[in-house]
Amino acid sequence: MILLQHVSKRYPGTQEVLGQVNLHLGRSEMAFLTGPSGAGKSTLLKLIAAIERPSRGQIVIDGQNITHLPRRRIPYLRRKIGIIFQDHHLLYDRTVFDNVTLPLVIAGFGHREIRRRARAALDKVGLLKKEQAMPITLSGGEQQRVGIARAVINRPPILLADEPTGNLDPELSAEIMGLFEDFNRVGVTVLIASHDIDLITRLHRPIYRLASGLLLAPSQIAPRQGAALAR
Amino acid sequence: MRRRTQRPGVGDRINAYLREHVRILAFSLGRLARAPMASLMTTAVIGIALALPAGLYVLLNNLQAVTGDWDGTVRISLFLKPGSPVEALRTLAKRVRARDDVAQVQIITAQQGLEEFKRSSGFDTALESLEENPLPHVLVVSPSASGRDSARVETLARALRQLPEVDLAQLDMEWLQRLYALLEIARRVVMGIALMLALAVLLIVGNTIRLDIQNRRAEIEVTKLIGATNGFIRRPFLYGGVWYGLLGGILAWLMVSGALTLIETPVERLAGLYHSQYRLLGLGASDSLTLFLLATLLGLAGSWVAVGRHLRAIEPR
């Protein structure tokens with residue numbers, strides 16, 4: 001579902017952010033991406049969503065080689081990928097309902113289908129009662145869940161999350177990760193960048209570690225090792 | 001288990017496309033309404049910029065209508081050779097009347113001319129003393145061509161001058177030609193002003209939309225991240241420009257109509273002083289529609305330029 005082959009990324013005038021990265025996530029797999037800040041976690045996710053283009057290498061998403069995907073095709077790639085950001089990226093001049101349903105509006109769904117799916121998605125993240133609230137009135141955890149509802153409402157086969165629990169307390173973080181596991185259980189391929197080693201080691205999923213632009217082989221890290229890795 | 005992104009069918013898509021346009025039309029109007037002061041100011045500027053050429057256009061229309069009334073005043077006076085008999089006058093009148101380029105012929109015999117002159121000049125006693133009538137018979141010819149078509153009128157005058165019975169054919173339309181020349185200059189000046197102000201409207205809308213795009217940079221990035229096409233993002237801004245143009249056009253229409261109402265009574269009084277039934281011409285239905293359409297197109301064009309230049313530059317990082 002997600003395949004990166006010998007992918008390098010270098011921004012003009014800087015060193016390589018990523019060098020020779022190989023990554024393969026099959027359909028319905030769930031994995032974590034960790035590593036210190038600036039190791040290239042976000043860049044890797046951006047390459048998958050074609051927010052950035054690789055300097056070298058090939059990227060194949062859902063059987064489609066997106067390495068040289070024309071600009072006008074990018075929106076259709078992104079509709080297959082639900083992206084969740086640490087800072088939510090919500091639209092603060094619209095209600096929760098309008099935020100969550102935006103991907104359906106973009107894809108041109110009918111009104112009835114939009115309402116039905118919005119209810120299902122908001123119910124899933126436990127915000128059914130807040131659908132007419134403005135995002136600014138919600139807590140950080142609730143805002144993050146609005147972002148998740150928006151990412152999954154279009155039922156994308158891939159979910160990417162960049163530090164989805166970055167600003168949340170451990171309990172809320174565990175709850176959010178639980179949501180991701182639920183989506184994975186119904187067949188969604190999930191890749192989560194996180195440096196919350198304690199949390200992700202408890203979930204027993206492959207953990208890829210990025211260190212100075214290099215991707216280390218996945219390993220099921222035991223909780224005790226986790227603390228060392230985070231350093 | 002494999003999950004698939006469900007896609008709507010073709011019929012649904014066309015339907016959704018139309019619905020989307022209506023939705024965006026309402027949505028972009030809502031955006032303007034959410035910042036009423038700023039929208040109102042922009043609309044007012046556009047309205048004033050459009051009202052000026054629209055008002056001048058109405059003024060010009062009225063001038064043309066007034067001078068159009070004078071078209072009928074172009075006459076060619078044919079003075080017959082002295083001593084021609086009245087019968088010759090009548091047969092000549094018949095011949096001239098038969099011409100295609102003549103609308104009307106009026107006969108003034110020498111006798112009628114003298115009486116008319118006596119009455120209007122007040123020299124009746126002096127004229128009584130004349131032994132014989134010094135005036136020739138006169139035919140007053142109204143050309144079928146309008147005074148605006150000076151070439152045809154002059155051709156007619158030349159032809160009439162060639163007639164053997166005619167001593168002198170007098171055509172006086174120089175003043176009318178001067179007036180038309182002045183009107184033509186005024187028309188072009190108005191066109192020039194209209195063009196400049198249209199450009200101004202284009203720039204105003206373009207700049208407003210550019211600022212709007214900059215203010216919504218974050219929003220644009222987010223929508224691009226969740227799979228919005230450029231077309232989807234462009235639409236509300238284009239419709240925003242359409243609304244600015246249309247509302248500006250309506251405001252311009254109101255201003256011109258208001259101004260016309262203000263001067264209506266004095267114009268009627270002035271026309272009354274000239275014994276004229278002249279009524280002020282306003283913006284008719286088709287002129288109003290043209291104004292709204294042009295205003296809307298200007299708004300669309302202005303936003304198109306801004307959107308084309310600035311939207312592409314915004315990409316999520």
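Let's start inside chain A: 4 of the 5 residues of strand S9 (residues 207-211) are buried, so this strand is largely enclosed by the rest of the structure. Keep in mind that you're looking at a predicted model. Who sits beside S9(A)? Strand S3 (residues 30-34) of chain A is joined to S9(A) by 3 bridges, and the two run parallel. To find the pairing on screen, look for Leu33(A), which stands opposite Tyr208(A) in S9(A).

## Chain A as a whole

Step back a little and count the pieces: chain A has 8 helices and 10 strands. Its radius of gyration is 17 Å, close to the 17 Å that the globule rule gives for 231 residues, so chain A is as compact as a globular protein of that length. Along the principal axes, the C-alpha atoms of chain A fill a box of roughly 45 × 45 × 35 Å. Of its 231 residues, 45% count as buried. How about contacts along the sequence? Take the contacts in chain A between residues at least 6 apart in sequence: 67% of them join residues at least 24 apart.

## A four-stranded sheet

Chain A also has an open sheet of 4 strands, in the order S2-S1-S4-S5, with antiparallel pairing. Which are the edge strands? They are strand S2 (16-25) and strand S5 (64-65) of chain A, each of which pairs on one side only.

You can walk across this sheet one pairing at a time. The table lists the bridges for each pair, along with two residues to look for.

| Strand pair | Bridges | Direction | Residues to look for |
|---|---|---|---|
| S1(A) and S2(A) | 6 bridges | antiparallel | Arg10(A) opposite Glu16(A) |
| S1(A) and S4(A) | 5 bridges | antiparallel | Gln5(A) opposite Gln58(A) |
| S4(A) and S5(A) | 2 bridges | antiparallel | Ile61(A) and its bridge partner Gln64(A) |

Strand S1 of chain A covers residues 2-10, while strand S4 of chain A covers residues 56-61. The turn from S4(A) to S5(A) is worth a look too. This hairpin has 2 residues between the strands, and Asp62(A) takes a positive phi near 50 degrees there. While you're looking at strands, here's a handy general point: in a regular strand the side chains alternate between the two faces of the sheet.

## Domains in both chains

Chain A is divided into two domains: domain 1 takes in 2-80 + 158-230, and domain 2 takes in 91-155. Their C-alpha centres lie 24 Å apart. How many residues meet between them? In chain A, 9 residues of domain 1 are in contact with 10 residues of domain 2. On the domain 1 side, the largest share, 4 residues, comes from helix H6 (residues 170-185) of chain A. The residues on that side divide into 7 nonpolar, 1 polar and 1 charged.

Chain B is divided into two domains as well, with domain 1 made of 16-69 + 178-310 and domain 2 made of 75-172. Taken over C-alpha atoms, 54 Å separate the centres of these two domains of chain B.

## Where the chains touch

Now put the chains together. The contact takes 24 residues from chain A and 21 residues from chain B. Which elements of chain A give two or more residues to the side that touches chain B? Those are helix H2 (74-78) and helix H3 (96-107) of chain A. The residues on the chain A side divide into 13 nonpolar, 5 polar and 6 charged.

For a close-up, try Ala228(B), found in the loop between helix H8 (217-225) and helix H9 (230-273) of chain B. Is Ala228(B) buried or exposed? A residue needs 20 or more other C-beta atoms within 10 Å to count as buried. Ala228(B) has 22 of them within 10 Å, so it is buried. Which residues does Ala228(B) touch, if you don't count those up to four places away in sequence? The answer is Pro75(A), Ile106(A), Thr223(B) and Ile233(B).

## One helix in chain B

Finish with helix H10 (residues 285-310) of chain B. This helix has 26 residues and reaches 37 Å from its first C-alpha to its last, close to the 38 Å expected at 1.5 Å a residue. Several residues of H10(B) are buried, including Leu291(B), Ala295(B), Leu298(B) and Val307(B). Glycines are on that buried list too, among them Gly299(B) and Gly302(B).

Definitions and conventions. Residues are numbered from 1 along each chain as its sequence is written. Chains are lettered from A and ligands numbered from 1 in the order in which they are written. This is a predicted model: local features need pLDDT of at least 70, side-chain atom pairs count only at pLDDT 80 or more; totals for chains, interfaces and linings use all residues. Domain bounds come from an automatic or database domain assignment. Two residues are in contact if their C-beta atoms, placed from the backbone, lie within 7 Å. Ala, Val, Leu, Ile, Met, Phe, Trp, Tyr, Cys and Pro count as nonpolar, Asp, Glu, Lys and Arg as charged, and the others, Gly among them, as polar. A residue is buried if 20 or more other C-beta atoms lie within 10 Å of its own, exposed if 12 or fewer, and partly exposed in between; C-beta atoms are placed from the backbone. The expected span of a helix is 1.5 Å times one less than its number of residues. Two strands pair if DSSP finds at least two bridges between them. The radius of gyration is taken over C-alpha atoms; the globule rule is 2.2 Å times the number of residues to the power 0.38.
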